[in-house]
Amino acid sequence: MSLTLIVVGVTVMTAYTARIEESDVPPHILSHDAYGKAGSADQDPEDQDPAATAPAGEGNAYTPRRTEQNARVGTLFEKDDSGDHFCTASVVQSPRRNMLITAAHCAFDSSAGKPVDDLVFAPDYREGDEPTGLWKVKKVVVDDRWAASQDEDLDVAFLILQDKDGEQIQDVLGGNTLGINRGFENDVKITGYPSDSDTPISCHNRTTKFSDTQMRIKCTAFAGGTSGSPWLADYDPKSHTGTVIGVLGGYEGGGNEDDVSYAVYFDDDIAKLYHRAQQES
């Protein structure tokens with residue numbers, strides 16, 4: 001086991017103020033039954049949000065409150081928000097303050113052999129409300145081995161965003177740090193957007209080891225659309241910042257059961273990909 005490494009970027013937090021600002025699944029995203037959790041949930045989560053310091057629960061989904069931390073998680077669309085959202089992404093800290101993390105299968109068109117070139121991100125999306133608008137993705141960074149063979153142990157992508165009105169997304173929303181080689185058992189909060197819902201769901205529980213390269217967790221109702229959801233550990237309620245130690249994906253594209261999900265273990269390969277994304281941003 002490698003020594004624990006946490007990659008930490010510079011944090012600048014700004015007060016988050018909400019501002020009020022359906023179609024087929026995109027062709028490169030397969031159905032939930034065909035490939036993991038890109039692309040439908042049928043369970044209404046209860047409307048509550050435990051305190052950030054609450055111990056890991058039983059893995060039951062709930063509707064999270066609108067907070068600074070939750071605002072860093074959002075939906076991915078193609079071109080604009082006139083179609084369906086199909087995956088989840090979140091802001092991760094980077095030197096240029098313009099980076100998201102998600103699952104590679106959300107952002108790479110394996111049939112065409114190239115990244116999806118028209119992705120947009122809607123952070124804190126709820127019922128059509130986009131408090132900070134849409135953010136355009138200008139570059140998708142995946143491991144070359146994922147591009148060649150869709151290796152499930154490399155199902156992670158970093159997305160580089162264009163600025164918006166002269167600001168980078170991390171300046172507006174802050175960002176979570178990236179955790180490398182954190183071990184397989186961690187208390188985490190997962191937040192994602194099922195494709196058939198316009199509000200997010202969250203879950204608290206403890207991860208377990210599935211294999212030497214994959215983590216597993218029990219969380220209810222994480223179905224199609226939740227691929228790319230961040231697995232957030234070590235949340236600090238004072239700084240509103242946590243550490244992303246995984247994203248929903250990997251084995252079976254994140255899992256073929258709504259109540260059991262998977263994530264790639266963030267090891268040195270993911271650290272190298274993160275540094276490459278910084279260089280290419």
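Trainee: Which residue stands opposite Met215 in S17?

Mentor: In this predicted model, the residue that stands opposite Met215 in S17 is Ala263. Met215 belongs to strand S14, which covers residues 214–218, and 5 bridges join S14 to S17.

Trainee: What makes S14 and S17 a pair of strands?

Mentor: Two strands pair if at least two bridges are found between them, and S14 and S17 are joined by 5 bridges, with the strands running antiparallel. The pair is part of an open sheet of 3 strands in the order S13-S14-S17, and the pairing is antiparallel. The twist in this sheet averages 35° from one strand to the next.

Trainee: What makes S13 and S17 the edge strands?

Mentor: Strand S13, residues 208–211, and strand S17, residues 260–264, each pair on one side only, and that is what marks them as edge strands.

Trainee: How do you know that S11 is paired with S12 and with S15?

Mentor: The requirement is again at least two bridges. S11 is joined to strand S12, residues 201–206, by 6 bridges, and these strands run antiparallel; S11 and S15 pair over 2 bridges, also in the antiparallel sense. Ile190 has a place in both pairings, since its bridge partner in S12 is Cys203, while in S15 it stands opposite Trp231.

Trainee: Why is S11 called largely enclosed?

Mentor: A residue counts as buried under 20% relative accessible area, and 5 of the 6 residues of S11 are buried, so the strand is largely enclosed by the rest of the structure.

Trainee: Which strands supply at least two residues of the lining of the largest cavity?

Mentor: They are strand S11, residues 187–192, and strand S15, residues 230–236. The residues that line this cavity are Gln69, Val73, Asn176, Lys189, Thr191, Pro230 and Leu232, and the cavity has a volume of about 40 Å³. By class, the lining has 3 nonpolar, 3 polar and 1 charged residues.

Trainee: Why is the pair of Phe77 and Tyr125 called edge-to-face?

Mentor: Ring centres must lie within 6.5 Å for a pair, and planes over 60 degrees apart count as edge-to-face. The centres of the rings of Phe77 and Tyr125 are 5.5 Å apart and their planes stand at 70°, so the pair is edge-to-face. Phe77 lies in strand S2, residues 73–78, and Tyr125 in the loop between strand S7 (119–123) and strand S8 (135–142), so the pair ties together parts that are 48 residues apart in sequence. Both Phe77 and Tyr125 are buried.

Trainee: Why is the pair of Phe184 and Tyr265 called stacked?

Mentor: Planes under 30 degrees apart count as stacked, and the planes of Phe184 and Tyr265 have 20° between them, with 4.2 Å centre to centre. This pair links distant parts of the chain, 81 residues apart, with Phe184 in the loop between strand S10 (177–180) and S11, and Tyr265 in the loop between S17 and helix H4 (268–280).

Trainee: How do you know whether Phe184 and Tyr265 are buried or exposed?

Mentor: The limit for buried is under 20%. Phe184 has a relative accessibility of 11%, so it counts as buried, and Tyr265, at 5%, counts as buried too. A search of the whole structure finds 6 aromatic pairs, and ring pairs also link Phe210, Tyr251 and Tyr262 into a cluster.

Trainee: Why is Pro237 called partly exposed?

Mentor: Partly exposed covers the range between under 20% and over 50%; Pro237 has a relative accessible area of 39%, so it falls in that class. Pro237 is found in the loop between S15 and strand S16 (241–247), and its C-alpha is 8.9 Å from that of Gln69, although the two residues are 168 residues apart in sequence.

Trainee: What makes the phi values of Arg97 and Gln150 worth a remark?

Mentor: Most residues other than glycine have a negative phi. Phi of Arg97 is near 65°, a positive value in a residue other than glycine, and Gln150 likewise has a positive phi, near 55°. Arg97 lies in the loop between strand S3 (87–92) and strand S4 (99–102), and at 12% relative accessibility it counts as buried. Gln150 is found in the loop between helix H2 (144–149) and strand S9 (157–161), and with a relative accessible area of 28% it is partly exposed.

Conventions. Residues are numbered from 1 along each chain as its sequence is written. This is a predicted model: local features need pLDDT of at least 70, side-chain atom pairs count only at pLDDT 80 or more; totals for chains, interfaces and linings use all residues. Side-chain values use heavy atoms; hydrogens and water are left out. Helices (H or I, at least four residues) and strands (E, at least two) are DSSP runs, numbered from the N terminus. Axes are lines fitted to C-alpha atoms, for helices over the stretch in contact, and angles run from 0 to 180 degrees between N-to-C directions. On a 1 Å grid over the protein atoms alone, a cavity is a set of points where a 1.4 Å probe fits but cannot get out, and a pocket is an open set with protein on both sides within 12 Å along at least five of seven lines; lining residues have an atom within 4 Å of a point. Grid points are joined across faces, edges and corners, and a volume is the space filled by probe spheres set on the points. Ala, Val, Leu, Ile, Met, Phe, Trp, Tyr, Cys and Pro count as nonpolar, Asp, Glu, Lys and Arg as charged, and the others, Gly among them, as polar. Buried means under 20% relative accessible area, exposed over 50%, partly exposed in between (1.4 Å probe, protein chains only).
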